[in-house]
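Q: I would like to learn how to read a protein model step by step. Could we go through one feature after another, with the general idea placed before the example?

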Amino acid sequence: ITDTMRPWQPALAQLVPATQTVVMYKPQRWAEYGLDYYRLNHVQTVFSQEEFVQTALSQGRILCISEDKTLEELSHVPAIDLEVVHAIGGQTAFWAWPVK
């Protein structure tokens, strides 16, 4: 499961339309390319907390995937609320939106 993003295809189909962009936070290259393949290029990657906050502020509520260890970083960002919705093989999908 941890060597491919294929399991995310049906999981994400239950959460978002196929045309909605999914944000990846600090993904490994194989995960980024894999999800991009299965999502037909509807993936955006961010590599810093500041970039993540700007993305959430500009788009409102976003669905994100990160490795479990990097999710911990985002759980301490005061400007963003998170709701975990699914986990597969050391990666977690979660909704993120700006605190109002």
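A: Let us begin with a single side chain in this predicted model. A residue counts as exposed when its relative accessible area is over 50%, so Y37, with a relative accessible area of 60%, is exposed.

Q: Is its neighbour in the sequence, Y38, buried or exposed?

A: The limit for a buried residue is under 20% relative accessible area, and because the value for Y38 is 18%, Y38 is buried.

Q: How do I describe the way in which two rings meet?

A: A pair of aromatic rings is described by the distance of the centres and the angle of the planes. For Y25 and F52 the distance is 5.8 Å centre to centre and the angle between the planes is 70 degrees, which makes the pair edge-to-face. Y25 belongs to strand β1 and F52 to helix α3 (residues 49–59), so this pair ties together parts that lie 27 residues apart in sequence. Both Y25 and F52 are buried. The rings of Y37 and Y38 are also described in this way: their centres are 5.0 Å apart and their planes stand at 80 degrees, so this pair is edge-to-face.

Q: Which residues do ring pairs link into a cluster?

A: The cluster consists of Y25, F52 and F94, linked by ring pairs. A ring can also be met by a charge, and here the charged end of R61 sits over the ring of W95, at 4.1 Å from the ring centre.

Q: How should I read a strand and its partners?

A: One looks at how far the strand is covered, where its side chains point, and which strands are joined to it. Strand β3 (residues 62–67) is mostly covered, with 6 of its 6 residues buried. I62, C64 and S66 point one way from β3, while L63, I65 and E67 point the other way. Strand β1 (residues 22–25) runs parallel to β3 and is joined to it by 3 bridges, and within this pairing Y25 has S66 as its bridge partner. Strand β5 (residues 91–98) runs antiparallel to β3, with 6 bridges between them, and here I65 stands opposite A93.

Q: Which residues of the largest nonpolar core touch the most other members?

A: In this core of 16 residues, they are M5, W8, L12, V22, L35 and I65. The elements that each give two or more residues to this core are α1 (8–13), β1, α2 (29–38), β3 and β5. Apart from this core lies another one, of 14 residues, including V23, F52, I62 and L74. If we take L35 as one case and leave out residues up to four places away in sequence, L35 touches M5, W8, L12, V22, M24, V43 and I65.

Q: How many salt bridges are there, and where are they?

A: To read a salt bridge, one asks which side chains meet and then where they lie along the chain. The count comes to 2 salt bridges. In one of them the side chains of K26 and E73 meet, at 2.9 Å from N to O. This pair links distant parts of the chain, since K26 is in the loop between β1 and α2, whereas E73 is in helix α4 (residues 68–74), 47 residues apart. K26 is partly exposed, at a relative accessible area of 30%, and E73 is partly exposed, at 27%. The side chains of K69 and E67 also meet in a salt bridge, at 3.5 Å from N to O. Here K69 counts as exposed, at 62% relative accessibility, whereas E67 counts as buried, at 12%.

How values were computed. Residues numbered from 1 in each chain as written. Heavy atoms only, no water. Buried < 20%, exposed > 50% of the residue type's maximum accessible area, 1.4 Å probe, protein only. Helix = DSSP H or I, 4+ residues; strand = E, 2+ residues; numbered from the N terminus. Pairing = 2+ DSSP bridges. Core = buried A, V, L, I, M, F, W, Y, C linked by side-chain atoms within 4.5 Å. Contact = heavy atoms within 4.5 Å. Phe/Tyr/Trp six-rings, centres within 6.5 Å; stacked < 30°, edge-to-face > 60°. Lys NZ or Arg CZ within 6 Å of the ring centre and 35° of its normal. Salt bridge = Lys/Arg side-chain N within 4 Å of Asp/Glu carboxyl O.
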